[in-house]
Amino acid sequence: MRQWNIFFNLFTILCTALLTYGCAKRPPGVELPQPGRPAITFEEYLSELNSIKSIKFIFSIKLIPATNNSEELNGNASFAMDGEDLQLRVYSMGFLVSEVRITDGEVITEGKKLRHEKAIPLMEALRSCLVWWKLEERETEEDDEFIIIRNSWRKVYINRDFIPLKQEISLPEAQQVLITYEKPLFYPSEALSTHGLWFPSMIEIRLQGNRAILNIEKIQVIQN
């Protein structure tokens, strides 16, 4: 199945796409004293998130390879989802150096090229990481500590304030991708009935000793 290859090649693909350097910025989300649970049920909150048609993430990324003799890579990027269409833009020193778009199933690349066979796994990997609530054939379960949404190959742990804590991606041959979400901030948006969403400002992805760290600088809910 295609999803098995999406995360297996994540770090190689990102290293190919982010051959640029930049400086991380402080997230501009609102630092509130304590996250608060929305005044709706989790299923209602999940339904509202799933109703988002267009959303854009602006972030910096650092790639830390497993081997000590490999160089760390840093970059700045934006990732947007508009229905089923996806767009990734990579910047260096404020200038656009690479763009990947998937529109009506067609892959379009501009600037620093990324091969089509790598573009789709990269875009789907970023969507699964950032748009964590998009989960096909999902089941929901709860215990004393977490709300868990899952399907046959993804499992997302959410706290009682409806903020994701970690995501596990199961791969063949007992391999696993672990995504951890930290430092939640409130990102205002009048497009949502909750007037915004709590979202982790730092995301770490681990696979076979490799690490990718995303620092979310801005979230724009464009259409709901």
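1. Start with the N-terminal end of this predicted model: residues 1-8 stay under a pLDDT of 50, and the model gives this stretch 21 contacts beyond four places in sequence. Residues 18-24 also stay under 50, with 24 such contacts. I'd keep those contacts out of any argument: where pLDDT is low, the predicted coordinates should not be read in detail.

2. For the chain as a whole, the mean pLDDT is 80, and 76% of the residues score at least 70. Among the elements, helix 1 (residues 2-8) has the lowest mean, 45, while strand 7 (residues 147-150) has the highest, 96.

3. On to the core. The largest nonpolar core has 53 residues, and Trp132, Phe199 and Ile203 are the ones that touch the most other members. Helix 4 (residues 116-130) gives the most to this core, contributing six residues. For a feel of the surroundings, take Ile203: leaving out residues up to four places away in sequence, its contacts include Cys129 and Leu130, then Ile179, Thr180 and Tyr181, and also Ala212, Ile213, Leu214 and Ile216.

4. Trp132 turns up again among the aromatics. There are six aromatic pairs in the structure, and one of them joins Trp132 to its sequence neighbour Trp133, edge-to-face, with 5.6 Å centre to centre and 85 degrees between the planes. Are these two tryptophans buried or exposed? Trp132 is buried, at 2% relative accessibility, and Trp133 is buried too, at 1%.

5. Two other ring features deserve a look. Phe42, Tyr45 and Phe162 form one aromatic cluster. The ring of Tyr157 has the charged end of Lys166 sitting over it, 4.6 Å from the ring centre.

6. Arg127 is the residue I'd click on next. It lies in helix 4, and its relative accessible area of 19% falls under the 20% cut-off, so Arg127 counts as buried. Discounting residues up to four places away in sequence, Arg127 touches Phe79, Met81, Gly83, Glu84, Leu86 and Trp132. That list includes Trp132, one of the residues with the most contacts to other core members.

7. What does Arg127 do with its charge? Its side chain meets that of Glu84 in a salt bridge, 3.6 Å from N to O. The pair links distant parts of the chain, 43 residues apart, with Glu84 in the loop between strand 2 (73-82) and strand 3 and Arg127 in helix 4. The two ends sit in contrasting surroundings: Glu84 is exposed, at 63% relative accessible area, whereas Arg127 is buried, at 19%.

8. The search of the whole structure finds ten salt bridges, and a few more are worth noting. Arg160 and Glu142 meet at 2.7 Å, N to O. Arg160 lies in the loop between strand 8 (154-158) and strand 9 (164-170) and Glu142 in strand 6 (residues 139-142), so this bridge ties together parts that are 18 residues apart in sequence. Arg160 is partly exposed, at 27%, and Glu142 is exposed, at 53%.

9. Glu204 also forms a salt bridge, with Arg211, and here the closest N and O atoms are 2.6 Å apart. Glu204 is buried, at 10% relative accessibility, while Arg211 is partly exposed, at 24%. Elsewhere, Arg89, Glu99, Arg101 and Glu110 are linked in a network of salt bridges.

10. Which residues other than glycine have a positive phi? Asp104 is one of them, with phi near 50 degrees, and His195 is another, near 65 degrees. Asp104 lies in the loop between strand 4 (95-103) and strand 5 (106-111) and is exposed, at 75%. His195 is found in the loop between strand 10 (176-188) and strand 11 (196-207) and counts as partly exposed, at 46%.

11. One last loop: Met93 lies between strand 3 (85-92) and strand 4. Met93 is an exposed residue, with a relative accessible area of 68%. Its C-alpha atom is 9.2 Å from that of Gly75, and the two residues are 18 residues apart along the chain.

Note on methods: Residues numbered from 1 in each chain as written. Heavy atoms only, no water. Phe/Tyr/Trp six-rings, centres within 6.5 Å; stacked < 30°, edge-to-face > 60°. Buried < 20%, exposed > 50% of the residue type's maximum accessible area, 1.4 Å probe, protein only. Lys NZ or Arg CZ within 6 Å of the ring centre and 35° of its normal. Core = buried A, V, L, I, M, F, W, Y, C linked by side-chain atoms within 4.5 Å. Helix = DSSP H or I, 4+ residues; strand = E, 2+ residues; numbered from the N terminus. Contact = heavy atoms within 4.5 Å. pLDDT = per-residue confidence, 0-100. Salt bridge = Lys/Arg side-chain N within 4 Å of Asp/Glu carboxyl O.
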